[in-house]
Amino acid sequence: MVSKKAGGKLLSLTTSPCYEALAAEFPRDFLGISLPEQPNKYYFIIRGQRLVLEADSSIQTIMEKLQSYKSKVSLNFEGFQYQLGDFQLRVGKVVPSHSENLRGIVMEVEYLPISSIEKSRQIMGEFFELWQEVVSKRSLPGQFMHMEPNFAEYGLGDLYTSQHTAVQYATVMAQLIATVQAVQAVRN
Amino acid sequence: MECVVQGIIETQHVEALEILLQGLCGVHRERLRIHEICLKSGPNLGVVASEVRLLCDLEHPEPSWTVRHIGGAMRGAGAEQISVLVRTMVESKASKNVLRLFYALGYKLDHELLRVGFAFHFQRGAQITVTVSSVNKMLKLHATDEAVPVTPGIQLVEVTAPASSENYTEVVAAMTSFCEYLAPLLHLSKPGISTGVVPSAAAAAASLMSDGGGTTL
């Protein structure tokens, strides 16, 4: 039984990759992420250094005042949230903040009864296989890819937290950007 | 935004100050042990040089981190007439790898300090915080267990209160009023304006210590 959350648009996640191009030894970019389930928090990720930081949302004001990095690209993940038994699904399109160009579709699956990543791995895998089977029968273009980050490299443990979510969205962002760049390279 | 005044007091009079503050604030003091790390942007990072402070609260079993950015002070004729510094200030709690993040972003250590003392947090026309602390420097990088006082025998007293552009005049008035009660022991002024110790501090402290704060100064 699938129930759709009343209220229409529910999921909105904003990311703001920040670029600094003056000094080669510093990261050229890092990601900032806000999650709807943590409205007072903000997350920074430097993928190259496997670093994730959780801070109050006021950290954005601090970064703006420091003026050492500036926001270059901002993506919104907008869609709907569904309840499917013990699973919570969020399916959304990825669009730049000031554009209507669709960059991709993201699906977030959460198994609510278990917070341990290892203990939930089997049931999550089974759900994903079922999902892939259903999607393949619809002959929809494209396919869902799942690349689980190595959370341990980020210093994150087995107990799932919002920092894990932020790292996953950062990985998704990187995939989307790489895919867009690959398509552009082929066209050129 | 915050309102700030500072002053210094001799360590021998801190106990008397604590008695006075206990009576004025009506709350228990909290112990203070803050590792303050001041970072500055490296060369070629950003349009302008920038500075950020990371505060690590060492008082609790699990250290907690705060990022603080102190901005410019309010200027103009109005600002000069008030005895309290009003400046922009933004803080954010952060997870423990915040120092590593800022190093990765290109910030360098400028200096670090360890503040050890106590604080009173209370409401008196404004949400006021009084901190009394010795300021210590570390002889080795991040070695908080080997810190030595910057000015032996002297401690820093800081009175702060959060404010906004709408209410800072009320906050300034509340702080000014409160600081008058501390006048027998120390002078409080805008940071950067040195006033030294108060000549009557010894007598005032003796009076406070003799009757545990019952005497009206």
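How much area do chain B and chain A bury between them?

**View 1. The contact between chain B and chain A in the predicted model.** About 2,200 Å² is buried between chain B and chain A, and 67% of that area lies on carbon and sulfur atoms. On the chain B side, Leu101(B), Ala104(B) and Leu105(B) lose the most area to chain A, together 23% of what that side buries. Chain B contributes 27 residues to the contact, and chain A contributes 27 residues. The size of an interface is often given as the accessible area lost when the parts come together.

**View 2. The side of chain B that touches chain A, with its polar pairs.** Eight residue pairs are in polar contact between the two chains, both residues being at pLDDT 80 or more. The number of salt bridges between chain B and chain A is zero. Five elements of chain B each supply at least two residues of this side: strand S3 (51-57), strand S4 (64-73), strand S5 (85-94), helix H3 (98-104) and strand S6 (107-123). By residue class, the side of chain B that touches chain A holds 14 nonpolar, eight polar and five charged residues.

**View 3. Ser58(A) facing chain B.** Ser58(A) sits in the loop that lies between S6 and helix H1 (59-66) of chain A. Its side chain reaches the backbone oxygen of Glu91(B) at 2.6 Å. Apart from neighbours within four places in sequence, Ser58(A) is in contact with Val90(B), Glu91(B) and Ser92(B).

**View 4. Strand S2 of chain B and its pairing with S6(B) and S3(B).** Strand S2 (residues 30-41) of chain B pairs with S6(B) in the antiparallel sense over 12 bridges. Within this pairing, Ile34(B) stands opposite Arg115(B) in S6(B). S2(B) also pairs with S3(B) in the antiparallel sense, over seven bridges. Here Cys38(B) has Arg53(B) in S3(B) as its bridge partner.

**View 5. Confidence along chain A.** The average pLDDT of chain A is 80, and 83% of the residues score at least 70. Among the elements of chain A, the lowest mean pLDDT (34) belongs to strand S1 (residues 2-4) and the highest (96) to strand S6 (residues 51-56). Residues 1-24 of chain A have a pLDDT below 50, and this stretch has 89 contacts in the model beyond near neighbours in sequence. Where pLDDT is low, the predicted coordinates should not be read in detail.

Note on methods. Residues numbered from 1 in each chain as written. Chains lettered and ligands numbered in written order. Heavy atoms only, no water. Contact = heavy atoms within 4.5 Å. Buried area = accessible area lost by both parts, 1.4 Å probe. Salt bridge = Lys/Arg side-chain N within 4 Å of Asp/Glu carboxyl O. Polar contact = N/O pair within 3.5 Å; in protein donor to acceptor, adjacent residues only side chain to side chain. Helix = DSSP H or I, 4+ residues; strand = E, 2+ residues; numbered from the N terminus. Nonpolar A, V, L, I, M, F, W, Y, C, P; charged D, E, K, R; others polar. pLDDT = per-residue confidence, 0-100. Pairing = 2+ DSSP bridges.
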